[in-house]
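Reader: Could you take me through this model, starting with the strands and ending with the ligand?

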Amino acid sequence: MSLGLLRRVTSVLPRRSCHGPAQAGVAGARKVVIVGSPNVGKSVVFNRLTGSYVTVSNYPGTTVEVSRGRGRFGGIEVEVVDTPGMYSLCPITAEERVSRALLMAERPAAVIQVVDAKNLRRMLPLTLDLLEAGLPLILDLNVMDEAEELGITIDTAGLQDELGIPVVATVSTTGRGVAALRERIAEHVGACHRG
Ligand SMILES: Nc1nc2c(ncn2[C@@H]2O[C@H](COP(=O)(O)OP(=O)(O)OP(=O)(O)O)[C@@H](O)[C@H]2O)c(=O)[nH]1
Ligand SMILES: [Mg+2]
């Protein structure tokens, strides 16, 4: 997908807000929801963002497991949710249905889409789906170590401008870039807190 096309698409997107899609919310802590295709490092990112107390439970009515932990961003405590892998917001698998339901029901203050930086082009359609849904998105270009080994360079600032959302590069296994990711999350959670 060309950046020009991305610009045209994003220019007509609804304004993103943590008060977001008009779905029923869950009372209590603010939420940060981690989404993305299978096997891109979502759970490693989740572990980096949360403390040691994590609960794993089946999503109601399914056998799909969802992990929840607590994290503190900019002094505000939030619940962080690790979702099963999804390719699209139009669900086909039970895992995708659960991930979509979580996104729509929990009114997240921030949604982190973790992508494998080696396969960015394949993962951007989900980015556009998430933006079109009006979700407060942060794009995490993960597995940057392997992308760099392959000689792949990504214009992170350019992508950020085109998409109009924060874009960070991480190597979640070593923790590289995670501080920047935490800062972007703090901005979203803080804005939601004030708004
Ligand atoms: N080299 C490298 N490997 C990574 C990085 N992040 C995650 N991995 C590896 O990628 C594999 C998948 O990581 P997970 O966190 O389980 O991925 P996931 O997205 O949660 O996978 P599903 O829950 O199955 O969709 C593991 O072997 C991780 O160690 C990274 O930044 N660099
Ligand atoms: Mg996982």
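The questions and answers below go through strands, core and ligand in turn.

This is a predicted model, in which local features need pLDDT of at least 70 and side-chain atom pairs count only at pLDDT 80 or more, while totals for chains, interfaces and linings use all residues. Residues are numbered from 1 along each chain as its sequence is written, and chains are lettered from A and ligands numbered from 1 in the order in which they are written.

Reader: Which residue of E4 stands opposite Val-33?
Author: Strands here are DSSP runs of at least two residues, helices (H or I) runs of at least four, both numbered from the N terminus, and two strands pair if DSSP finds at least two bridges between them. Strand E1 (residues 30–35) runs parallel to E4, joined by five bridges, whereas E3 (residues 65–73) pairs with E4 in the antiparallel sense over seven bridges. Arg-68 stands opposite a valine of E4, and the residue opposite Val-33 is likewise Val-81.

Reader: Which strand gives the most to the largest nonpolar core?
Author: A nonpolar core is a set of buried Ala, Val, Leu, Ile, Met, Phe, Trp, Tyr and Cys residues joined through C-beta atoms within 7 Å, where buried means that 20 or more other C-beta atoms, placed from the backbone, lie within 10 Å of a residue's own. The largest one has 47 residues, with Ile-34 and Val-111 having the most contacts inside it. Five of its residues come from the strand that gives the most, E5 (residues 110–116).

Reader: Which helix gives the most to the shell around ligand 1?
Author: Among the closest of the 16 residues that surround ligand 1 (C-beta atom within 6 Å) are Lys-42 and Ser-43. Helices H2 (42–49) and H5 (144–149) each give two or more residues, and the one that gives the most, with three, is H2.

Terms used. Buried ≥ 20, exposed ≤ 12 C-beta atoms within 10 Å, placed from the backbone.
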